[in-house]
Amino acid sequence: MTPRAATLIGLTAILMWSLLSVMTVATGKIPAFQLAAMTFAIGGLVGLFTWIGRGDAAKSLRQPLVVWIVGVGGLFGYHALYFLALRFAPPAEAGLLNYMWPLLIVLFSSFLPGERLAMHHVIGAVLGLIGTVLLFAGNTSGFAPGAVPGLIAAFIAAFVWATYSVLSRRLKAVPTDAVAGFCLATSLLAVLMHGLLETTVWPETILQWFAVIGLGIGPVGAAFYAWDIGMKRGDIRVLGAASYATPLLSTGFLIAAGFAKASANIAVAAILIAGGGLIAAKDMVLRKR
């Protein structure tokens, strides 16, 4: 697989994650950790399904402890912190702090062997950050002192996801099949957290069940496998900068579904984020022949 192909596969994860908000809304009032347990279980099964006909795929689970710590720590740690952030802090502020992770991925990539961080990568990532700030600007409403733990959790979550993503490159020899095991382990941990903190609420309609299944197959399933391929074999700096498209596309889908309204802020944010992504991807877009 060429780096260009792997980068394009990684970009599909960004597209799938942009559906996360609208599909989560469609699941109804299922508690956060219960929803995580259900969807990560489905996501793990998606990976196991691809093992059919490949008898050696199960060997991918035989990994050193450090690999499991990175994999499960990244998936479960990020989502647990983000759920904690949403529990205590206003969603807009928590989301804005959380979306530091694309910029962190671009910056952290400079520490990887053989990677060079050019000025256009930084410019693209910063433009994406400015666009994201503008995207959330109209929704900020201040926060009470009690929201500080949630804001801290959102900030730490950004570092956790950026670290997991960049370390995936260092663990390039670990096959993507192992992500199925990480998803299933994350599901088990989410079950434990659900039992400790939440009351079970099952989907009430067929539409809600379809939304849960869709989340497990796409944003909380195939997206993680696609991201793993992109991080390990693609252009990690381009993917980091392009990730700022996630909140923009997510807002677009919410508008299309009637859960949000279009505004001038969104239009300008779209220009900044799209422009930043194109600048960061200059090497791939304007590739010399």
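**Figure 1. How α3 and α4 run past each other in this predicted model.** The two helices, α3 and α4, pack at an angle of about 155 degrees. That is over 145 degrees, so α3 and α4 count as roughly antiparallel to each other. Their axes lie 10 Å apart, and α3 passes α4 in a right-handed crossing. On the α3 side, look for A32, F33, A36 and F40; α4 answers with L75, F76, H79, A80 and F83. Sort the residues of this contact by class and you get eight nonpolar, one polar and no charged.

**Figure 2. α4 again, this time against α8.** Here the axes come within 8 Å and cross at roughly 160 degrees, so α4 and α8 are also roughly antiparallel to each other. The crossing of α4 past α8 is left-handed. From α4, the contact takes in V70, G71, G73, G74, L75, G77, Y78, L81, Y82, L84, A85 and F88. From α8 come G150, A153, A154, I156, A157, V160, W161, Y164 and L167. The tally for α4 with α8 is 16 nonpolar and five polar residues, with no charged ones.

**Figure 3. α6 leaning across α8.** The axes of α6 and α8 come within 8 Å, with a crossing of roughly 40 degrees. That angle makes α6 oblique to α8. α6 passes α8 in a right-handed crossing. W101, L104, I105 and F108 are the α6 residues to find, and they meet A158, F159, W161, A162, T163, S165 and V166 in α8. Nine residues of this contact are nonpolar, two are polar and none is charged.

**Figure 4. The largest nonpolar core and its best-connected members.** This core holds 54 residues, and the ones that touch the most other members are W17, L75, W101, W161, F224 and W227. Which helices supply at least two residues each? They are α1 (3-17), α3 (32-49), α4 (65-88), α6 (101-108), α8 (148-170), α9 (178-197), α10 (206-233) and α11 (236-242). The biggest giver is α4, with ten residues. As a rule, nonpolar side chains tend to be buried together in soluble globular proteins.

**Figure 5. The neighbours of W227.** Leaving aside residues up to four places away in sequence, what does W227 touch? Its list reads G10, A13, I14, W17, W101, I105, W161, S165, L239 and S243. W17, W101 and W161 on that list are, like W227 itself, among the core residues that touch the most other members.

**Figure 6. S18, a buried loop residue.** S18 sits in the loop between α1 and α2 (20-26). Is S18 buried or exposed? With a relative accessible area of 0%, S18 falls under the 20% cut-off and is therefore buried. Not counting residues up to four places away in sequence, S18 touches T246, L249, S250 and F253. The C-alpha atoms of S18 and F253 are separated by 7.7 Å, although the two residues are 235 residues apart along the chain.

**Figure 7. Stepping back to the whole chain.** The protein chain has 14 helices and zero strands. Of its 289 residues, 49% are buried. Among contacts with a separation of 6 or more, 90% join residues 24 or more positions apart.

Methods:
Residues are numbered from 1 along each chain as its sequence is written. This is a predicted model: local features need pLDDT of at least 70, side-chain atom pairs count only at pLDDT 80 or more; totals for chains, interfaces and linings use all residues. Side-chain values use heavy atoms; hydrogens and water are left out. A nonpolar core is a set of buried Ala, Val, Leu, Ile, Met, Phe, Trp, Tyr and Cys residues joined through side-chain atoms within 4.5 Å. Buried means under 20% relative accessible area, exposed over 50%, partly exposed in between (1.4 Å probe, protein chains only). Helices (H or I, at least four residues) and strands (E, at least two) are DSSP runs, numbered from the N terminus. Contact means heavy atoms within 4.5 Å. Axes are lines fitted to C-alpha atoms, for helices over the stretch in contact, and angles run from 0 to 180 degrees between N-to-C directions. Angles under 35 degrees count as roughly parallel, over 145 as roughly antiparallel, 65 to 115 as roughly perpendicular and the rest as oblique. A crossing is left-handed if the near helix is turned anticlockwise from the far one by less than a right angle, and right-handed if clockwise. Ala, Val, Leu, Ile, Met, Phe, Trp, Tyr, Cys and Pro count as nonpolar, Asp, Glu, Lys and Arg as charged, and the others, Gly among them, as polar.
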